[in-house]
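Colleague: Thanks for sitting down with me. Could you walk me through this model at my own pace?

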Amino acid sequence: MTQAADRIFTNAAVHPLTAEDSGEPTAEAVAVREGTIVRVDSAYEVEFLNGVETEVIDLEGQTLLPGFIDAHTHMDIVGRYVAEADLSGTTEPEACLDLLADQRDESEGWILGFGYDESAWGGDYLTRDQLDSVSTDRPVVAYREDLHLASVNSVVLDEYLDQMPADDVHTDDGEPTGVVVEDALDVLREETAPGPEGMREYLLAAQAEANSLGITGVHDMVRNSPAPRVYRELDQDGELSVRVRINYWSDHLDAVIETGLRTNHGTDRVRVGGIKTFTDGSIGGRTAKLSTPYADAPEEDGSWVVDPETVQNLVERVDDAGLQMTVHAIGDSAIEATLDVYEGTDGERHRIEHAEVLRDDLIDRLAREDVVVSAQPNFLKWARSGGLYTDRLGDERREASNRFGTLLEEGATLAFGSDCMPMDPLFGVAQVVDGPTAAQSLSVTEALRAYTAGGAYAGFDEDRLGTIETGNCADFAVLDESPWESNDIADIDVALTVVDGETVYDDRE
Ligand SMILES: [Zn+2]
């Protein structure tokens, strides 16, 4: 007699998203016992596992996929978007100022906003004068979407200008404009960093947001933050509803090595990922390192945030310690330098984050090497004709950027994440299914696999996560509509999110 299931999800269009997935549903039902998938089959066959104590969930024809894994995110930022002013999606500076004014009225101390994108209104960053209209006695900071640039008011400049490297402070006629970049942000981060209590609030808000988007796993990038401690406490308290892979910033490498943490150590819910560093900055801030200058600034070709020699030394230490490495590299020179460093190592699955400005020779190398391209399909929103990358890169490099179709065709390994711009897998999938060019596009199945199995592989989790198969963890996203049949994938509602067989989000009627 076969043991009964704890839960049966039936009457669904089940897409396992294995390597063989053709895009057609291959099953109608999934049975779960103790958090593990024990059967994927027709509704008729799975019904044999329906015992007296089995809970049956009728999905009424909805689409059941593996839960999404966001392979590059910053959960504290996602939480801040919920708790502070969320400036993403604004289309004019006035809207940002209104949101910051609302935040001023609801808070004390720092007035923080996150996620503005000046390319939505013609390219001018927010200025100190504009932010002074929000407050002249409390500090105001509006972070650009990429977090490499922020706009601040006069209170912030009066108090902290002397702690900011002059090179990273924009000026006009010698006067700071209120726009600060890169290392000038360090002092702001330190001054506004949440303690454990604040972080707990941020992370709980972020995981609720993640679950509502069908996300069951995240690879979080953490630096000087109580997040690792808070994650482990939430895990112990049974309050964690996403699986978390912690990628520690390189300034924690000594501590990680000394305390004996190694890649994949941890529990079912919280594991150690790799060590993260930057090489360059961002395209928006013209700090991504390019082999030829910016189209809209012929004197500039970006800058090293961390120079190649330092990265080389770091990667050698990380590799020797048996840890995974993950390197932020956006410009083609930065990608090239990172590949040069990786080629000299024998570590497994080192990652390149973003890898945006691609050349054919780089695509060849990314396909050949044992590296994971951890990319953001949502960034294609800037790679459309007339978008930010048209200005910064010109059309030729814009169309050569983020060539996910070519990368996959050539044999590269893709793991998709959002970098929280915004956190939303279906928005990313919609962007890449309808990419600006064929070379930048993927099929629905390929895109969904990069957002599930791809993240699982990047996290050494392919034997338990990322596909709907017997023996895997029962982590699911149930969608209201099939993405293979939808005209508007970004608008599809997540109906149900399941982690370890337990419902963590339910939006069904
Ligand atoms: Zn990031």
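Modeller: Happily, and one term comes up front: a polar contact is a pair of N or O atoms within 3.5 Å; within protein, one must be able to donate a hydrogen and the other to accept it, and residues adjacent in sequence count only if both atoms are side-chain atoms. Please keep in mind that this is a predicted model, in which local features need pLDDT of at least 70 and side-chain atom pairs count only at pLDDT 80 or more, while totals for chains, interfaces and linings use all residues. Residues are numbered from 1 along each chain as its sequence is written, and side-chain values use heavy atoms, with hydrogens and water left out.

Colleague: Which backbone oxygen does the side chain of Tyr451 reach?

Modeller: Tyr451 sits in the loop between α16 (444-450) and α17 (453-458); helices here are DSSP runs (H or I, at least four residues), strands are E runs of at least two, and both are numbered from the N terminus. Leaving aside neighbours within four places in sequence, Tyr451 has contacts (heavy atoms within 4.5 Å) that include Phe68, Pro377, Phe416 and Gly417. At 3.4 Å, the backbone oxygen that its side chain reaches is that of Gly417.

Colleague: Is Tyr451 buried or exposed?

Modeller: The scale runs from buried (under 20% relative accessible area) through partly exposed to exposed (over 50%), with a 1.4 Å probe and protein chains only. Tyr451 has 0% relative accessibility, so the residue counts as buried.

Colleague: How many residues of helix α15 are buried?

Modeller: Two of the contacts of Tyr451, Pro425 and Val429, are among the buried residues of α15. Leu426, Gly428, Ala430, Gln431 and Val432 are buried there too. Helix α15 (residues 425-433) is mostly covered, and the number of buried residues among its 9 is 7.

Colleague: Let's zoom out. How far apart are the centres of domain 2 and domain 3?

Modeller: The protein is divided into domain 1 (7-67 + 471-506), domain 2 (77-192) and domain 3 (279-458), with bounds that come from an automatic or database domain assignment. Taken over C-alpha atoms, the centres of domain 2 and domain 3 are separated by 27 Å.

Colleague: Which three residues supply 39% of the area that domain 2 buries against domain 3?

Modeller: Buried area is the accessible area (1.4 Å probe) that two parts lose on being put together, summed over both. Between domain 2 and domain 3 it comes to about 1,000 Å², with 60% on carbon and sulfur atoms. On the domain 2 side, the three that supply more than any other three residues are Val78, Glu145 and Glu182.

Colleague: What is the partner of Glu145 in its salt bridge?

Modeller: A salt bridge is a side-chain nitrogen of Lys or Arg within 4 Å of a carboxyl oxygen of Asp or Glu. The count between domain 2 and domain 3 is 1. Glu145 forms a salt bridge with closest N and O atoms 2.9 Å apart, and its partner is Lys381.

Colleague: Which helix gives the most to the side of domain 2 that touches domain 3?

Modeller: Across this interface there are 5 residue pairs in polar contact, both residues being at pLDDT 80 or more. On the domain 2 side, the helix that gives the most, with 3 residues, is α2 (residues 75-83).

Colleague: Why does the pair of Asp360 and Arg403 tie together parts that are 43 residues apart in sequence?

Modeller: Asp360 and Arg403 form a salt bridge, with closest N and O atoms 2.9 Å apart. The pair ties those parts together because Asp360 lies in helix α12 (residues 360-368), whereas Arg403 lies in the loop between α13 (388-400) and α14 (404-410).

Colleague: Which of the two, Asp360 or Arg403, is buried?

Modeller: Asp360 counts as exposed at 51% relative accessibility. With a relative accessible area of 10%, the buried one is Arg403.

Colleague: One last spot: which residue's backbone oxygen lies 2.8 Å from a polar atom of the side chain of Thr345?

Modeller: Thr345 lies in the loop between α11 (332-343) and β18 (350-354), and is buried at a relative accessible area of 18%. Beyond its neighbours within four places in sequence, Thr345 is in contact with Val315, Asp319 and His350. The backbone oxygen at 2.8 Å belongs to Tyr342.
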